[in-house]
Amino acid sequence: MSHNTIHWFRKGLRLHDNPALIAALKDCRHIYPLFLLDPWFPKNTRIGINRWRFLIEALKDLDSSLKKLNSRLFVVRGSPTEVLPKLFKQWKITRLTFEVDTEPYSQSRDKEVMKLAKEYGVEVTPKISHTLYNIDRIIDENNGKTPMTYIRLQSVVKAMGHPKKPIPAPTNEDMRGVSTPLSDDHEEKFGIPTLEDLGLDTSSLGPHLFPGGEQEALRRLDEHMERTNWVCKFEKPKTSPNSLIPSTTVLSPYVRFGCLSARTFWWRLADVYRGKTHSDPPVSLHGQLLWREFFYTTAVGIPNFNKMEGNSACVQVDWDNNPEHLAAWREARTGFPFIDTIMTQLRQEGWIHHLARHAVACFLTRGDLWISWEEGQKVFEELLLDSDWSLNAGNWQWLSASTFFHQYFRVYSPIAFGKKTDKHGDYIKKYLPVLKKFPTEYIYEPWKAPRSVQERAGCIVGKDYPRPIVDHEVVHKKNILRMKAAYAKRSPEDKTINKGEKRKASPSIKEMFQKKAKR
């Protein structure tokens, strides 16, 4: 039987290592590569202008690659449960393929779509390729429990064997006998919208440092893999949070959108490592991909993963509600230059180093401002190019010492931490030019500079740059005691949660995908 197939692009915005796309081409007569602009996302999640730009560029790149295969991308706006049934009828669709997505909304959406597809006689083929392994299987292999430590996850996946090898992108040979019916008004009906078409204000767009798309992802991957010595010696904690040029790969936005396959990244690294001495997880680049797998797994296994309440793994903390302090942190007005610089870079460029994320997250939560990690999660969700539901929630819980990490007494100093790798404050001077004329000894603490020094620098603290909104030396000690009290309130059951608890069966995953892919 020859199928009319929709391949539904969601996160896997690429042709390489896309098993659902290859499955779409099997016994296929007509293929319709589809991307849905689902209104649920802008209504229920925060998407900043830099991330919108990245997505639009990724779609343009995808369309360009499809053109080389005599196909095109069809971009349609609307809810999947409303749009897909219409397209099933209009295009006489008999098969739907897509990459598995483990997020809660995606799971409920796909369950509904599969139900509708059955009503329309459409065969559905989901494939796992956004993660290294089948997340469901990781939990099953851990006796049905969510692995609550990185070491435990490592042990489980080691027993499962290496991740599957990536598969090549489709070629013109794969497209033989397959066509994409195109109309003369394709651009008008199904073209990729501009940011302006979507009603977005482009005035706040930052510098164009990380263009979206598969071709750019593969180019950057090639560039980094040529640095074999750097790749082999890479240890993430030894990279710099405040270097003027990123000291890590910045491939995370490309992996997040699926412009770069995590499995392709893994096996390219394996090729570089082969026969050489190299760093190991958790600090190596392989280790970074396993951290991603860890948070994807815990996000599937722990209900209400992106909230404090109803999250069985999370310490319940009576965070303060202080809108003024939250706004000062979000808008880079805390009066601590290192913190304000990081938040400025984040807003402008959409990316900050992972240790910079640590510094501002600790400052907002248990370190200084005592504001809920959920508030920080919202800001990162909007501003980070690589904002990922599972990783964002997991990392905020970790950094606030609410889940996974429990050494709450280890607090990042908003002054001393930045000095370790940038004693002259060049990073601060780049993003906060108002402070660029301050002498080195005052660049991290401008409020300590004598009035005459402030005048010569052309910046009066309290007028041209804010005073610190808290006294770090006082509040961080107070907050350690508050965290200690929150920990003391946990019940004995709560205190054992880190060993992992048996999860209830998840029919949305188990029944929908029926273990079609074992990894």
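1. Let me start with a residue in the core of this predicted model: F295 is buried, and its relative accessible area is 3%. That value falls below the 20% under which a residue counts as buried. Its ring pairs with that of W291, with 6.2 Å between the centres and 25° between the planes, so the two rings are stacked. The angle earns that label because planes under 30 degrees apart count as stacked. Both W291 and F295 belong to helix 13, which spans residues 285–301, and they sit four residues apart, or about one turn of the helix.

2. It is worth following these two rings outwards. W291 and F295 are members of one aromatic cluster, which also takes in Y150, F294, F305, W389, W398, F404 and F405. If you colour the aromatic side chains, this is a nice group to pick out.

3. Across the whole structure, the search returns 38 aromatic pairs. One of them joins F74 and W91 in an edge-to-face arrangement, with 5.1 Å from centre to centre and 65° between the planes. F74 is in strand 3 (residues 74–77), while W91 is in the loop between helix 4 (80–90) and strand 4 (95–99), so this pair ties together parts that lie 17 residues apart in sequence. Are F74 and W91 buried or exposed? Both are buried.

4. Two arginines also deserve a look for their place over aromatic rings. R227 lies over the face of W230, 3.9 Å from the ring centre. In the case of R256, the charged end is over the ring of F257, at 4.5 Å from its centre.

5. On to the overall layout. The domain assignment divides the protein into domain 1 (1–128), domain 2 (131–165 + 214–301) and domain 3 (323–473). Note that domain 2 is given as two segments, 131–165 and 214–301. Taken over C-alpha atoms, the centres of domain 1 and domain 2 are 26 Å apart. Their contact draws on 16 residues from domain 1 and 19 residues from domain 2.

6. How much area is buried between domain 1 and domain 2? The figure is about 1,600 Å², and carbon and sulfur atoms give 52% of that area. On the domain 1 side, H16, F54 and I128 together supply 36% of the area buried against domain 2, more than any other three residues.

7. The same boundary has a charged contact to inspect. The count between domain 1 and domain 2 is one salt bridge. As for side chains that meet in a salt bridge, D17 and R263 do so at 2.9 Å, N to O.

8. Some backbone details are worth checking by eye. P281 and P282 are joined by a cis peptide bond, with omega at about 10°. P282 is placed in the loop between helix 12 (262–273) and helix 13.

9. Finally, two residues other than glycine have a positive phi, N304 near 55° and A332 near 60°. N304 is in the loop between helix 13 and helix 14 (323–330), whereas A332 is in the loop between helix 14 and helix 15 (337–349). Their surroundings are described in different terms: N304 counts as partly exposed at 40% relative accessibility, and A332 counts as buried at 15%.

How values were computed
Residues are numbered from 1 along each chain as its sequence is written. This is a predicted model: local features need pLDDT of at least 70, side-chain atom pairs count only at pLDDT 80 or more; totals for chains, interfaces and linings use all residues. Side-chain values use heavy atoms; hydrogens and water are left out. Rings of Phe, Tyr and Trp (its six-membered ring) pair if their centres lie within 6.5 Å; planes under 30 degrees apart count as stacked, over 60 as edge-to-face and the rest as tilted. Helices (H or I, at least four residues) and strands (E, at least two) are DSSP runs, numbered from the N terminus. Buried means under 20% relative accessible area, exposed over 50%, partly exposed in between (1.4 Å probe, protein chains only). A charge sits over a ring if NZ of Lys or CZ of Arg is within 6 Å of the ring centre and within 35 degrees of the ring normal. Domain bounds come from an automatic or database domain assignment. Contact means heavy atoms within 4.5 Å. Buried area is the accessible area (1.4 Å probe) that two parts lose on being put together, summed over both. A salt bridge is a side-chain nitrogen of Lys or Arg within 4 Å of a carboxyl oxygen of Asp or Glu.
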